[in-house]
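This briefing covers two topics, the cysteines and the sheet. Please look through the structure before reading the points below.

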Amino acid sequence: MNILVTGANGFVGKNLCAALKNVQLGYDKTHPNLSIENIYEYDVDSDPEDLEVFCADADFVFNLAGVNRPKDNSEFMAGNYGFASTLLDKLKSHGNKCPIMLSSSIQATLAGRFGNSEYGRSKKAGEDLFFDYSKETGAKVFVYRFSNLFGKWCRPNYNSAVATFCNNIANDLPIQVNDPNVDMELIYIDDLVDEMFLALEGRAHHCEFDGIETVWKEDGRYCAVPVSHEIKLGEIVDLLHTFKTQPQTLLMPSMPNGSFEKKLFSTYLSYLPKEKAIYDLKMNVGNRGSFTELVKSADKGQVSINISKPGITKGQHWHHTKWEIFIVVSGHGLIQMRKEGHDEVLEYEVSGEKIQAVYMLPGYTHNIINLSDTQDLITVMYCNEIFDPSHPDTFHDDVK
């Protein structure tokens, strides 16, 4: 299959082309029935003669090209309707009736606050052109109306508030929030690319529109991404400020799979400057070794690194409810546990040569001993709760 992507250097185009190449090269195994031979990338600075060749050869076209921040409003129609017309004319001239996807905008509804949008009118004209093309040629068209998009590689200080806020907060630049109560409907770039693959495979989600509202219909003329997120602008800013403090607090926000928070954190990290991609951790160092907290979670505890010097024993305490997992990743050690009030000692010899996880059981006093005379013992430690000095739930008692 040969795939043409117009607007390939834009935000969506870059992400789509990267995903297509992963499938083409066999790195992405989630599309086993999709065989991609050529990915034709076309943008405003491409040779126009290339478009002629690409249109003759394409088996599917993603038309992502368009104008959204022109110097003059007249450029909207030329850039959006005009290029779409050129593209379709070239496909027709080669008798190529391959499926084609159009990237439109929710502003094309010309409803509500978009009722006087020059950009929306240019997008609506492009949509009508595509539908007429489909009637004339029989070619299948997939017309998507996108709301606000966000994700990695989106240009800040351009037409995405999320990209601007992520970039500016990550780089200690000022932001301006005129109304934190503004409702945002957002589509994440990976969810969009997933839907574009479904269109490529003939499995797009179809819909109609009631004003700006999406109405899902299997036989709808339009298409839409089934996953979107509605959130207030002020909430986005609050989350981003929380993300910014993570290297100091070590506290990870709750990020359930598929959640907006998870997608926003990934987006925020993509804007970090070089010097902020690395940060110091507080090492609590003593003559017995060191203990360093790595990351914390309000509801899932924390992970730490413990380093024990040769011959050193650490621990010798127990907990009522708190529990831990010790994972030795380097060195040779012995973990001992004894149930409070009993004499039997459970022993586990552990080594970085065979990495194993050992539960520190509630109600059992426990320790970890470095058995080596020369090598440090390095242990990854997970605890199911963040340490609370006002309620430590930690009580001294030697195992032996």
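The count of disulfides in this predicted model comes to 0. A disulfide is a covalent bond between the sulfur atoms of two cysteines. Here a pair of cysteine sulfur atoms has to lie within 2.5 Å to be counted, and the cysteines below do not meet that cut-off.

**Cysteines**

- Cys 17 takes part in no disulfide, and the nearest cysteine sulfur, which belongs to Cys 55, is 15 Å away.
- Cys 17 has a relative accessible area of 3%, so this residue is classed as buried.
- Cys 223 is in no disulfide either, and its nearest cysteine sulfur is that of Cys 207, 6.8 Å away.
- Is Cys 223 buried or exposed? Cys 223 counts as buried because its relative accessibility is 0%.

**The sheet**

- Eight strands form an open sheet with mixed pairing, in the order β2-β1-β3-β4-β5-β10-β8-β9.
- Which strands are at the edges? They are β2, residues 38-42, and β9, residues 213-216, and each of them pairs on one side only.
- Strand β1, made of residues 2-6, runs parallel to β2 and is joined to β2 by 5 bridges.
- Within this pair of strands, Val 5 stands opposite Glu 41 of β2.

**A helix on the sheet**

- Helix α1, spanning residues 11-24, packs on the sheet and touches β1, β2 and β3, the last of these being residues 60-63.
- The direction of α1 makes about 165 degrees with that of β2.

Methods: Residues numbered from 1 in each chain as written. Predicted model: local features only at pLDDT ≥ 70, side-chain atom pairs only at ≥ 80, totals over all residues. Heavy atoms only, no water. Pairing = 2+ DSSP bridges. Helix = DSSP H or I, 4+ residues; strand = E, 2+ residues; numbered from the N terminus. Contact = heavy atoms within 4.5 Å. Axes fitted to C-alpha atoms, helices over the stretch in contact; angles between N-to-C directions. Buried < 20%, exposed > 50% of the residue type's maximum accessible area, 1.4 Å probe, protein only.
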